[in-house]
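The following exercises are to be worked with the sequence and the coordinates at hand. Each task is followed by a solution in steps.

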Protein chains: 2
Amino acid sequence: MDPRRLGEFGLIEAIRRRAGSRAGAWTRTIGDDAALLRPRPGCEIAVTVDALVEDVHFRWSTTPPRALGRKALAVSLSDLAAMGARPLGFLLVLALPRDAAPARVDAVLGGMLALARSAGCPLVGGDTVSGPCWTLSTTAFGEVPRGRALLRSGARPGHRVLVAGELGAAALGLRLLESGRAGRPAARPFVRRQLDPVPLLDAGMRLRRGRLASAAIDVSDGLVQDLGHVLDESRVGAEVHVEQLPLARGLARLAREEGLDPVTLALAGGEDYALVFCAPARGPAAGALARRLGCRVTEIGRIRRGRSLRLLRAGRALSLPGGGWDHFKAAPL
Amino acid sequence: MDPRRLGEFGLIEAIRRRAGSRAGAWTRTIGDDAALLRPRPGCEIAVTVDALVEDVHFRWSTTPPRALGRKALAVSLSDLAAMGARPLGFLLVLALPRDAAPARVDAVLGGMLALARSAGCPLVGGDTVSGPCWTLSTTAFGEVPRGRALLRSGARPGHRVLVAGELGAAALGLRLLESGRAGRPAARPFVRRQLDPVPLLDAGMRLRRGRLASAAIDVSDGLVQDLGHVLDESRVGAEVHVEQLPLARGLARLAREEGLDPVTLALAGGEDYALVFCAPARGPAAGALARRLGCRVTEIGRIRRGRSLRLLRAGRALSLPGGGWDHFKAAPL
C-alpha cells in the first residue's frame with residue numbers, strides 16, 4: 001500500500017478491504033462518521049487505548065514490521081485480558097511519514113489484521129494522518145457481564161499475589177536488541193518476547209468466568225510499578241518473595257552473561273504482558289490455576305495491611321529498584 | 001503541569017484530578033486497565049477517533065493552546081453529531097515532547113476539559129506518551145437508540161441536500177493565518193472558525209430525534225469530498241447549486257480581497273464541521289428545519305440517479321475543484 005499513490009482515501013479503502021466485513025457485534029464499521037456497536041444485554045463495554053511511537057517505543061532498525069503491527073494491537077488486547085473482557089473490535093490511528101515504504105505499510109497492517117482475526121477483534125474504524133514519524137494508536141473494545149470485570153481495586157489483606165505468564169524476558173530481549181547481541185540462538189526467545197508479546201486473553205477470561213481473581217492488572221511497565229497500581233487502587237500493601245518470581249527458562253544465565261540482574265529485570269523490566277492478579281487465600285493453588293488458565297501460574301506473595309510494597313529475598317527486605325518505565329523521566333527505549 | 005517534574009504517572013494523576021469524577025454511564029474510568037461503559041438498554045454505541053498532529057493539523061505559531069484542546073475534542077464530537085449521537089465520554093492519547101511547556105499542557109487540557117464538561121462528555125481514560133511532536137488523538141463515545149443513527153447510506157434520488165451551519169469560513173481563516181493577515185478585525189470571525197470550531201451536537205440529535213434526515217455527514221475535508229462519501233455509500237449522484245451554498249457573512253468580500261474564490265473555499269475548504277444531510281422532498285422546508293435545529297439550514301441541491309456530483313451555477317455545469325484535504329497527496333497545512 002503506497003500512501004502517496006493511493007492518497008488518504010485510497011489508503012482507507014485498501015485497509016477497509018483488507019480488514020474484511022466480519023463485523024460481529026458492530027452494525028456499522030469503516031465507512032460512516034462513527035462505528036456502531038450493538039452491546040449484548042447485560043454486558044458492559046471495556047475500552048482502552050495505547051500508542052506506540054517510532055524511536056520511543058520501537059526502532060525500525062530492530063523491529064520487523066509484521067511484529068510491530070501485532071504488538072500495536074497486542075498491548076491493547078492485554079488491557080482487555082486484564083479486565084477479563086472478550087474482544088469485540090478496535091479502532092486504529094495510523095500516523096505515517098509521507099514517504100512511508102509501501103511494503104512496510106502492508107506488513108504492519110498484515111501483522112495487525114492477522115492478530116485481529118485470531119483474537120476475534122475486527123478493525124472497525126480509525127484515522128489515517130501524516131506525521132513526522134510512525135505512530136500506531138489502537139483503541140480496543142471488549143465486553144464483560146455487568147459488574148464482573150476484573151478491577152485493580154479488589155485486593156484485600158491476606159489475598160495471595162499471583163502471576164499468569166512469565167517476567168523479565170521482554171526486558172532482556174530489549175537489552176539484547178539495543179546492544180546488538182540479539183542474533184545468538186540463546187537470545188531469540190527473549191527477543192521474540194520483546195518484539196512479539198502474546199496477550200493472555202484466554203487466561204483473563206477464565207479468571208473472570210471462574211471468579212478466581214479479586215484484582216488484576218497486566219504487566220506493561222514492570223511488576224513493581226503495575227502491582228503498585230493495584231495496591232494504590234485497593235488501598236493495601238503487599239510483600240513479594242523475589243525467589244518466587246516466574247523467570248523464563250534460561251533467563252537468569254543469559255542475563256548474568258549480559259551483566260544484568262535477572263531479579264531486577266523481572267521486577268522493573270516491563271512489556272511482559274503477563275497478568276498479575278490477587279486471589280483469596282483459600283482457593284485453588286497455583287498448580288490448579290495453571291491448569292484452569294492454560295498458562296504458567298506462580299504465587300509470588302501476599303497482600304498486607306498498610307500501603308507499602310515489601311520485596312523479600314530469603315526473608316530479608318530488599319530495596320526497590322528504580323521502578324519501571326516512565327515516559328517523561330526515563331531515557332527513550 | 002510539568003511532564004518532566006511530574007513524570008508519566010504524576011501527569012496522569014493530575015489529568016485525572018482535573019477531569020473530575022463525573023462519570024455518567026461509566027462504572028470505571030481512569031485508574032483501571034480499561035474504562036467500563038454500562039450501555040442503556042436499547043441503545044447502540046457510536047465510536048470515532050481523530051488525531052491532530054503538530055505541523056500537519058496545526059502550528060503553535062498560530063494556535064492558542066486552549067483552542068487546540070477544544071478543537072481536538074470538537075472534531076470527534078462533530079462525528080458524533082453527524083450520527084445524531086449523544087456524547088458519553090472520550091479517551092485521550094496525548095503525545096508530548098519531553099520538554100513540553102507546563103503552561104501549554106495546562107492550557108490544552110483546560111480547553112479540552114471545559115468543552116468536555118459543556119458537552120456532557122467526560123474524559124474516561126487514555127495514554128500519555130513522549131514523542132517528537134505534539135499529537136492529540138481523541139476517541140469519542142456516543143449513544144443512539146438502536147437502528148436510529150444517521151448514516152451516510154440512506155440518500156435516495158429526489159431527496160433534498162441541505163447544510164446545517166456554514167461553509168468556507170474555516171478555510172478562509174486558515175489562509176489568513178498562513179499569510180500572516182489574521183490580525184485585522186474583519187479576519188477575526190474566520191480565524192475563530194478555523195481555530196475553534198463548534199460541533200453541531202444539538203442539531204445532529206434533533207435531526208435524529210425528528211427523523212428529519214435520510215443521510216448525514218460532517219464537513220471535515222470539504223463539501224465536495226464529504227458529500228462524495230454520502231453519494232458513494234448511498235450509491236447515488238447529486239446536483240448542487242453553488243449560488244445556494246451557505247457562506248458566512250462577509251466571507252465573499254474578504255475572500256476576494258485575499259485573491260480567493262469564495263465558492264471554491266465553500267466547496268473544497270474543509271474543517272467547517274457543518275453537517276450536510278439529505279431529506280425526503282416532502283418534509284419541512286429549510287426555514288422550518290432551521291427553527292427545529294437551532295442553526296442556519298440551507299437547501300443546496302438534490303440527490304439524483306447515477307453516481308456523479310454535478311455542480312451548477314445559474315443552471316450551467318461547473319468543473320469540480322481539486323477536492324478537499326488529503327493527507328498523502330496535499331502539502332501540509
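## Exercise 1: a strand and its neighbours

In this predicted model, 10 of the 11 residues of strand β4 (residues 86-96) of chain B are buried, so β4(B) is largely enclosed by the rest of the structure.

**Task.** Determine which strand pairs with β4(B) in the antiparallel sense, and which strand runs parallel to β4(B).

**Solution.**
1. The antiparallel partner is strand β6 (residues 135-145) of chain B, paired with β4(B) over 9 bridges. Within this pairing, Leu91(B) has Thr139(B) as its bridge partner.
2. The parallel partner is strand β5 (residues 123-130) of chain B, joined to β4(B) by 7 bridges. Here Leu94(B) is bridged to Thr128(B).
3. Between β4(B) and β5(B), the chain passes through helix α3 (residues 102-118) of chain B, and the resulting β-α-β crossover is right-handed.

## Exercise 2: the geometry of a helix

**Task.** For helix α2 (residues 65-83) of chain A, compare the span from first to last C-alpha with the expected span, and find the residue on which its kink is centred.

**Solution.**
1. With 19 residues, α2(A) is expected to span 27 Å at 1.5 Å a residue; the model gives 28 Å, which is close to that value.
2. The axis nevertheless has a kink of about 25°, centred on Ala74(A).
3. Burial is assessed with a cut-off of under 20% relative accessible area. By this criterion 16 of the 19 residues of α2(A) are buried, and the helix is mostly covered.
4. Just beyond the end of α2(A), Gly84(A) adopts a positive phi of about 75°.

## Exercise 3: positive phi outside glycine

Most residues other than glycine have a negative phi.

**Task.** Locate Ala314(A) and Asp55(B) in their loops, and decide whether each is buried, partly exposed or exposed.

**Solution.**
1. Ala314(A), although not a glycine, has a positive phi of about 50°. Its position is the loop between β12 (309-313) and β13 (316-318) of chain A.
2. The relative accessibility of Ala314(A) is 65%, so Ala314(A) counts as exposed, the threshold for that class being over 50%.
3. Asp55(B) likewise has a positive phi, near 70°, and is a residue other than glycine. Asp55(B) belongs to the loop between β3 (43-53) and α2 (65-83) of chain B.
4. Because its relative accessibility is 42%, Asp55(B) counts as partly exposed.

## Exercise 4: enclosed space

**Task.** State how many cavities of 30 Å³ or more are found, and which residues lie nearest the centre of the largest cavity.

**Solution.**
1. The count is 4 cavities of 30 Å³ or more. The largest cavity holds about 90 Å³ of space.
2. Its lining consists of 13 residues, and those nearest the centre are His57(A), Phe58(A), Thr63(A), Gln194(A) and Leu195(A).
3. The elements giving two or more residues to this lining are α2, α4 (169-178) and α5 (188-195) of chain A. The greatest share comes from α4(A), with 3 residues.

## Exercise 5: a contact across the sequence

**Task.** Find what distance separates the C-alpha atoms of Gly158(B) and Cys278(B).

**Solution.**
1. Gly158(B) is situated in the loop between β6 and β7 (160-164) of chain B.
2. Since its relative accessible area is 23%, Gly158(B) is partly exposed.
3. Gly158(B) and Cys278(B) are 120 residues apart along the chain, and their C-alpha atoms are separated by 9.7 Å.

Key
Residues are numbered from 1 along each chain as its sequence is written. Chains are lettered from A and ligands numbered from 1 in the order in which they are written. This is a predicted model: local features need pLDDT of at least 70, side-chain atom pairs count only at pLDDT 80 or more; totals for chains, interfaces and linings use all residues. Side-chain values use heavy atoms; hydrogens and water are left out. Buried means under 20% relative accessible area, exposed over 50%, partly exposed in between (1.4 Å probe, protein chains only). Helices (H or I, at least four residues) and strands (E, at least two) are DSSP runs, numbered from the N terminus. Two strands pair if DSSP finds at least two bridges between them. A crossover is right-handed if, with the strands pointing away from the viewer, the path from the first strand over the helix to the second runs clockwise. The expected span of a helix is 1.5 Å times one less than its number of residues. The bend at a residue is the angle between axes fitted to the seven residues ending there and the seven starting there. On a 1 Å grid over the protein atoms alone, a cavity is a set of points where a 1.4 Å probe fits but cannot get out, and a pocket is an open set with protein on both sides within 12 Å along at least five of seven lines; lining residues have an atom within 4 Å of a point. Grid points are joined across faces, edges and corners, and a volume is the space filled by probe spheres set on the points.
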